[in-house]
Every structure is written in C-alpha cells, then in structure tokens.
Amino acid sequence: MKHKPFFWFVLPSSIAMLLFIFLPIVSVVVQSLFVEHEQVIIESENCGPFGCTKATSVDQEATAALRAERPLGQFAGLKTYLDRGHLATSEVAALWRSTDSVGEFMGRMFNLPLYKALFFTLTYTAIVTPLTIILGFMIAVAVNAAAKIIKGPLIFFSLLPMIVTPLVGSLILFWMVDARGILGASLQVLANDPSLSVKASTPLMWIMLMVYGVWHAAPFAFIVYYAGLQTVNTDTLEAAMIDGATRWERIKYVVIPHLLPLTTFIALIQLMDNFRVFEPIVSFAASAHATSLSWAIYNDLGGETRQLSSAAATSVLTIIGVAILLSPVIVRTYRDFTRKV
Amino acid sequence: MSIAQQKPVSLKVFTVVFLTAWMLIAAFPFLWTLWGSFKVEGDFFSKADWANALFGNMTTIETGDSFTGQGYSGAWIQEEFWRSAVNTVLVCLFVVTISLTFGTLGAYALSRSTYRYAFWFLIVALIFRAMPPITLVSGYLPVFFDYNLWGHLPTAIIVLVAINQPFTLWMLHSFFNNIPKDLDESAMVDGCTRFQAFRHVIVPVMWPGVITTALFSFLLAYNDFAVTTLILSKENQTMVPKIASFLGTTQTKGNVMFAVAAVVSITAPLFVMVMFFQRQIVSGLTAGAVKG
C-alpha cells in the first residue's frame, strides 16, 4: 500500500492512541517529577489587651496565583520516587544497617508500601501463571476425551469464569467464603475452628486471591490448548502407538512438544494480565493483607485527596515492570518479522 | 477405534471425576448466587445453617414466601441501578461502534502495507496493549479537570475507544491477513481507488472477523472497572463501578442483597452472549495463539 492512503487509513486510530495513550504516558512521567505547591502560609500577629498572639493562616489568593502560574507544581526531580511511599531508599538503607539477618531485613522491607505491593504482585504472578497453565492443560485433555454431545455444554460452562466481569466474579467467590457463606462455613467445619475467617487471615487471603486468579484464567489456557489439541498430527500419534509408546509417552513426546509454542503464548499473556492484578483486591477488601501495584495507583487516585504525583510515580514504575516482562515478546516478534521479509 | 486406543477404566473414571469437579467449580458459584439473590440476607449469609440459603427459611419468615424480589427492587429502583444499566448500554454501544470503525480502517492498511513502519506501528500498539490502563489515569485526570471533561460519558467512551485500539488493531490485522490480497488488488486494477476497493470488496467479506472482534471490544468496555470508576462522576457511573460503590455504602446498611441482585443482573447478559456466540469467542481466543 502506498504511503498516502496508508496515512489516511490509520489516521483515526493513530489520533486516538496518540491523544489518550501516548500523551498521557508523557504526562504521567512529567507529573511524577513534580510535586504540588505547598500552601502559602502567612503569619499575623494579633495584639489585644491580653498580649499578642501569633496566628498562621493559608493565603488562598497567593496559593491560587502560584498554582495558576506554574500548574505542574514544584519541580522535585526523583524525590517522589525515593520517598517512603515508593522506593524508600533512605528507609531501606537504614534497615540494612540496623537489621542483623537477611530474613529480618526482608521482613521489615516488605512492610514498606511499594515493596509490599511489589512482593504480592510478583508472588501472585509467579504462582498463578504456572497453575493456570497446568489446570488449563488438564481441562483441555479431559474435554477433548469427552463424548461429542457434551463437549458444547462443557465448553460453555468452562468459559464462564473468564467471561464474567473480574470485579463481579471475585465478589461471587468472596461472598461464598464469607464466614456465613457456604464455603466459609464448610472451611470452619473442616478446620474444626468456628472462629476461622478468611477475611482476618493474611495467608488465607493470599490463597483466596490466587485461587480466584487461577479460576478466572484457567478457561483461557483451556481454550487455547483445546484448539491446539485439534491440530495434533494423528499420523504421528499412530506411528508412536505402533512403535509401542504408552499413553503417557505419547502425551510426553508427541502432544506436549506440539503444544509448546502455545504454552509460551499463554504464559506471556498471563504474565501481563497477572501483573496488573487489581479487581479481586477491591472485591475481597483485601488491602490490609495484600496490595498490588495497580491497587496502589487506584488508592492514590481514588481518595478525597488525589495524590497525582505519587500515583504517577507508581505508574511509571509499573510501566517499567511491564516493559521488562514484555521485552522477550518484542524480541521474538521482531525476529519473526525480519525472517518473513 | 482400535483396542490399543481404548482407555483403561481407571483413566476413564479419573476423567469423569475431574470434569465433574471442574464443572462444579466453574458453574456452581454462579448458580448459587443466582438462587441466593432471591432470598433475604439472613438466608444468603446464614450463621445458623447454610441449608437455609437453599430452602429460604428466613425468607419465608420475613416475606411469607420462599422467594423474594426485594434485592432486585432495592437495587434497580431504590438505588437506581437502571441508570447505570442505561449508561453501560450507551458506553458499550458507542465504544464498540467507534473502535471497530477506527480499527477496521487501520488494521486493513496495516495488513496491506509492506513497509517497515507498519511493523513498528504494530509493535507500538503491542506495547500500549500490555500497559495496565490504570497507569494512564493519573495522566488523564489533571487535563480532564482543567477542561471540565471529567465525569461525563463521552469522555469515558473516547478513553475506552483509545484503550481498545491496540487490541482491535492486532486482532483485525490477523483477520485481514487471511483475506487474499488479490481480491482488492484486482479491484484496483479495474480502476477502484484504495478506499473504493476497501468499501466494495473487503467490507462485504470482513464480517466474521469484525463480529468476533466486536465481542471482545464489548467485553472490554462492559467489564472495565479501573478507568470508569476513576473518570466517571457518581451520576454517570456504569454498572461495574456502581456495584463497587454498593460495597462501600450498602454493606454497612445491611443491604448487601442489593449488591447480590446487581451482580446477577450484570452477569445475565454475559451468559446470553456466551450462549449465542460461543463459537466466535473460542475462535477469537485462539486466533492469535495458533498462528503466532
């Protein structure tokens, strides 16, 4: 296609992405380097019959003027990145000096907001991704072996956990594990502990969040694997059988190598999706036990005082994290493209 | 099927047990919540006996019948959930239409261009696609406040369209790659301009791909929480942020059943959608995977 028609065809799409994705990224980076102006304080002395008292008040006019003059705020450089809510360099350095063992150091460090969020996000990503792949694969093999008539309904019900709104899906599970819900009550009976509450326990809350994560994502892995299973070469399978391969050997040497490229695809998509884990933390009201990077941004932006600089700094750090996760995909896509041309 | 291919009984039993267990895990939470949404809170969250939720003992005592629509009337009328439903319909309708209009034009050009910049365009789109949308919100807010754009439905629509674009472009790009180039090129040999070739030759054959992409664009707009909750004002909330706001206010008032009813109401359309478009959803999920 020639340059000129190409330009006109991609124009609407480019403008949308330029205005609402690219410029906001620039704006986020800039904001993270500035902090809001401090209020201008004026000190006045009131002298009455009983002596003088000093009073301070906010000079609204001067503050507004200052804000209008430089709407971005004060330039702060990397200050926001290094403060206690983010990388907390001075706190970490102090901890390093004051703690004796690495374990204690790590334990104290994960109480700092950003490291707490990062620790949960990475643990969640590292545990949910492989479990999703394994469960999805097992469902795909089982559904593939099922009778033809029930395959349709099986796929229908399997899709539901993935299609349903994440916030809503996690709420549904949350209500069931409530101490007065069916799962929560059963857990109490199983553990023989009538005071057991998922809401109150950090480890149980982490497990619940991850169970939700696997429940929500397994259907995706299932569908991709199921489609892959339809294209397994039956000749190779038969040849393997004639050579005396057992069922397990056939899966191991024929089916799994065939599905390997799909596994890379699922793993990459899942890494990206799990890294942005957010809605279940809101639904489960889990923020006391587990926070994620996305939740930290939401928390900064959602309150009465919108902490734009703080949210912007966390956003930039999150984007850097995503970029690191994504770099293998880009390298691979680039290689594919150069091979094709 | 030959004897060698037949499964041992133990494997058959395991498969049946595993599938039954998965079906329970996948579907039971929805059925349970649907059933429970017609009960009162004392049954849905029963301290005494979980079986109350099945038979509705408290519901019978409180309302005289074992089923009640209190949750639904409370959510839809008293808490004005219908307003959010209307907002969601508007948002989804416009997001899907605009995304697909922009997306088909862009993706068609990307699939027909052999220049290197087309490839970089797609790579940039892929990077945009990987970024969590919530990281962009702190970039929107100051501008939206300054120009008084914050809180309105059209703002949310255009933001969701933009966030949708990278995905739409990638998906449609792979569909257009499957439509033979000869088709539109022969039309151009016959004297069509590029746009006429697109309009008269490509548009009539692109609908299967467009419908599949539309389903996923719809899901993205329908399910979004991060963006809509932060850039829509209270009166303009769509359904998902509205449900989240139920959790803050009504849970303390003891009206958690409103939230349960709202949750069932928001899930029902998705059920219907999966029922009618199962084939398209499955093909859409695998389109990127099997080829890439």
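**Exercise 1.** In this predicted model, find how many residues chain A and chain B each bring to the contact between them.

*Solution.* Step 1: count each side. Chain B gives 74 residues and chain A gives 77 residues. Step 2: look for the element that supplies the largest share of chain B's side. That element is helix 15 of chain B (residues 256-291), with 13 residues. Step 3: sort the side of chain B that touches chain A by class. There are 56 nonpolar, 15 polar and 3 charged residues.

**Exercise 2.** Decide whether B:Ala214 is buried or exposed, and find its contacts beyond four places in sequence.

*Solution.* Step 1: place the residue. B:Ala214 belongs to helix 12 of chain B, which covers residues 207-223. Step 2: apply the cut-off. A residue is buried if 20 or more other C-beta atoms lie within 10 Å of its own. B:Ala214 has 20 C-beta neighbours inside 10 Å, so B:Ala214 counts as buried. Step 3: list the contacts. Leaving aside neighbours within four places in sequence, B:Ala214 touches B:Val96 and B:Leu100. Step 4: check a distance. B:Thr88 is 126 residues from B:Ala214 along the chain, and 16 Å separates their C-alpha atoms.

**Exercise 3.** Identify which members of the largest nonpolar core touch the most other members.

*Solution.* Step 1: take the core as a whole, which has 151 residues. Step 2: name the members that touch the most others. They are A:Ala221, A:Val224, B:Val95, B:Leu160, B:Ile243, B:Ala262 and B:Val263. Step 3: find the main contributor. Helix 10 of chain A (residues 202-230) provides the largest share, 15 residues. Step 4: examine one member. Not counting residues up to four places away in sequence, B:Val95 touches B:Ile157, B:Leu160, B:Val161, B:Asn164, B:Ser217 and B:Ala221.

How values were computed:
Residues are numbered from 1 along each chain as its sequence is written. Chains are lettered from A and ligands numbered from 1 in the order in which they are written. This is a predicted model: local features need pLDDT of at least 70, side-chain atom pairs count only at pLDDT 80 or more; totals for chains, interfaces and linings use all residues. A nonpolar core is a set of buried Ala, Val, Leu, Ile, Met, Phe, Trp, Tyr and Cys residues joined through C-beta atoms within 7 Å. A residue is buried if 20 or more other C-beta atoms lie within 10 Å of its own, exposed if 12 or fewer, and partly exposed in between; C-beta atoms are placed from the backbone. Helices (H or I, at least four residues) and strands (E, at least two) are DSSP runs, numbered from the N terminus. Two residues are in contact if their C-beta atoms, placed from the backbone, lie within 7 Å. Ala, Val, Leu, Ile, Met, Phe, Trp, Tyr, Cys and Pro count as nonpolar, Asp, Glu, Lys and Arg as charged, and the others, Gly among them, as polar.
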